[in-house]
Amino acid sequence: MALAERDRIVSVIDTLANRHLQGKVRAVRLAIIALLSGGHILLEDIPGLGKTTLALALARVLGLSFGRIQCTSDLLPSDITGLSIYRREEHRFEFLPGPIFNNLVLVDEINRAMPKTQSALLEAMGERRVTVEGTTHVLPEPFLVIATQNPVEQIGTFPLPESQLDRFSLCTGIGYPPAAVEKAIIGGGSVRDQIGRLPALLSRDQILAARAALRDVHLGEKVIDYIYALTLATREHPAVLAGVSTRGAITLGEAARAAAYLDGRAFVTPEDVKQVAPAALAHRLIVRPEHESLPKEELLRLLLNELPVPRA
């Protein structure tokens, strides 16, 4: 296990959560888990809780190139992927890459983009490449998309269908900070200026080394059985119309590996699975119309509480 890289990453999480993004330790940790496991994360919460600030802070401290896409109803796929322009004096076309060609891409208010534009973005996320006018361009590594959406804003929005939500390995909210923390934030004011001055605490090579180390984190048969039992429980629950797919189960296993790595272990435990399962699986569930009032994360936690935990 790459202990030096692991220690640096844990230090990054502590620095952000304790100094600059107080009250957001869970969201910061899940974003790092998404990065290490090769996935993407959707932050879904009401405006003003720090979703964009979290993405900006991560981009600074991770030392990665950063692109931002502000979604609007008139955003075109080429605004994301880039386009080719003709250089008349040179008699050739030149490809101008869009903001998707960065290591960390913030997609703000993704549900304000038209479905065609959403599809172009999500295809790039899944394939990690973009094809423009017949030419394929590979996206950089590591590659992390942090998308945000505000669930309470319905006018002028285009909700992501379940098949596209499935492209996000993790989905979580930010939530209100504890009272004492929120008072301190109010007293201190905006931290955007501080974040703009944050130094890079990691390098691209260190992140890639940490990602490679995840392959050495053992996912034992009993834990695999536990993951399968959980996915099966989502498919058989009477409130669920469509449960977790095999891809969702694979994503859960990879996220649990990353959680174990951050805790300094070379093997995954059922507790690692339980820790990341709500963020990895809840958004993949399709609940029956008569049970739509039941929050999906609450449903996942009910299943986790009912499911026997395997013994070592």
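User: Where is H91 found?
Analyst: Let's look at this predicted model strand by strand around that histidine. One strand to look for is β3, residues 82-87, and another is β4, residues 92-97. H91 sits in the loop between β3 and β4.

User: What is the phi of H91?
Analyst: Start with the usual picture: most residues other than glycine have a negative phi. H91 is not a glycine, and still its phi is positive. The value is about 55°.

User: Is the peptide bond from E141 to P142 cis or trans, and where is the place of P142?
Analyst: Most peptide bonds are trans. From E141 to P142, though, omega is near -5°, and the bond is cis. As for its place, P142 lies in the loop between β7 (135-138) and β8 (144-149).

User: How many residues line the largest pocket, and which lie nearest its centre?
Analyst: The largest pocket has a volume of about 730 Å³. Its lining draws at least two residues from each of β1, α6, β9, β11 and α13. The lining has 28 residues, and those nearest the centre are E44, Q149, L165, H283 and K296.

User: How many residues of each class are in that lining?
Analyst: Sort the lining of the largest pocket by class and you get three groups. They are 13 nonpolar, 8 polar and 7 charged residues.

User: At what angle do α12 and α13 pack?
Analyst: Helix α12 covers residues 270-281 and helix α13 covers residues 296-306. K274, A277, P278 and L281 in α12 meet E297, L300, R301 and L304 in α13. By class, that contact has 5 nonpolar, no polar and 3 charged residues. The crossing is right-handed, the axes are 9 Å apart, and the angle is about 145°.

User: How many helices and strands are there, and what is the radius of gyration of the protein?
Analyst: The protein has 13 helices and 11 strands. For 312 residues the globule rule gives 20 Å, and the protein's own figure is close to that, so it is as compact as a globular protein of that length. Its radius of gyration is 20 Å.

Key
Residues are numbered from 1 along each chain as its sequence is written. This is a predicted model: local features need pLDDT of at least 70, side-chain atom pairs count only at pLDDT 80 or more; totals for chains, interfaces and linings use all residues. Side-chain values use heavy atoms; hydrogens and water are left out. Axes are lines fitted to C-alpha atoms, for helices over the stretch in contact, and angles run from 0 to 180 degrees between N-to-C directions. Helices (H or I, at least four residues) and strands (E, at least two) are DSSP runs, numbered from the N terminus. A crossing is left-handed if the near helix is turned anticlockwise from the far one by less than a right angle, and right-handed if clockwise. Contact means heavy atoms within 4.5 Å. Ala, Val, Leu, Ile, Met, Phe, Trp, Tyr, Cys and Pro count as nonpolar, Asp, Glu, Lys and Arg as charged, and the others, Gly among them, as polar. On a 1 Å grid over the protein atoms alone, a cavity is a set of points where a 1.4 Å probe fits but cannot get out, and a pocket is an open set with protein on both sides within 12 Å along at least five of seven lines; lining residues have an atom within 4 Å of a point. Grid points are joined across faces, edges and corners, and a volume is the space filled by probe spheres set on the points. The radius of gyration is taken over C-alpha atoms; the globule rule is 2.2 Å times the number of residues to the power 0.38.
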